[in-house]
Amino acid sequence: AGQRHELDDMLLGSLADRMSGAEFREVIEYIQPSAWPSRLQWALTCVIEMGDTCEMLRHVLDVLAAFGEGLLAQLLKALLTDPLLATTAKLLAQAEPRTLLRQRLPKAEGSAASRALWLVYHREAWRAGAPYTREELRRDAHLTAKAPLSRPEVLLLGVDAPSYKLLIE
């Protein structure tokens, strides 16, 4: 069955203060795939404000995954790159939600877009204060002797040589 009416901001705002985790999941399951880009900020604000951040984030990621890997990857990219999504730093500053997001990122092997997403993930996690090592970056972004960081990727990572050394060593 399709959605009869668009969920509007006023309705979502009034529901957010009163929802349980189960009710939150029911509401986000009602959101159509095409509406997710405009509802991501609301959903992530609920994730942070409603209590059990990991469980709520898992609900959001599960619903997005049900729509297919394409939408999940697109919204994970938006989550990590959209400066308007102020909730990203709050999520990445916490170990458990950061791990959950990390588990849902597509593998970097063979895909420039996936590799770029991993680099953005590490950049934003560093900005949020998460410690990562050189080996974790190499593993996650699938960096090898045959596929080292390119100049554009270093720029995407957002570090210069002196700060690079400080950040991942």
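This is a short chat about a helix, a loop residue and the cavities in a predicted model.

Q: Hi! What should I know about the numbering and the model before we start?
A: Residues are numbered from 1 along each chain as its sequence is written, and side-chain values use heavy atoms, with hydrogens and water left out. The model is predicted, so local features need pLDDT of at least 70 and side-chain atom pairs count only at pLDDT 80 or more, while totals for chains, interfaces and linings use all residues.

Q: Cool. How many residues of α8 are buried?
A: Twelve of the 16 are buried, so α8 is largely enclosed by the rest of the structure. Buried means under 20% relative accessible area, exposed means over 50%, and partly exposed is in between (1.4 Å probe, protein chains only). Helices here are DSSP runs (H or I, at least four residues), numbered from the N terminus.

Q: Which ones are buried in α8?
A: Among them are Trp118, Tyr121, Arg123 and Trp126.

Q: And what comes after α8?
A: Gly129 follows α8, and its phi is positive, near 95 degrees.

Q: New topic: where does His142 lie?
A: You'll find His142 in the loop between α9 (134–140) and α10 (151–157). Its phi is also positive, near 55 degrees, in a residue other than glycine.

Q: Is His142 buried, partly exposed or exposed?
A: His142 counts as partly exposed because its relative accessibility is 32%.

Q: Last one: which element gives the most to the lining of the largest cavity?
A: That's α4, with four residues. A cavity is a set of points on a 1 Å grid over the protein atoms alone where a 1.4 Å probe fits but cannot get out, and lining residues have an atom within 4 Å of a point.

Terms used. Helix = DSSP H or I, 4+ residues; strand = E, 2+ residues; numbered from the N terminus.
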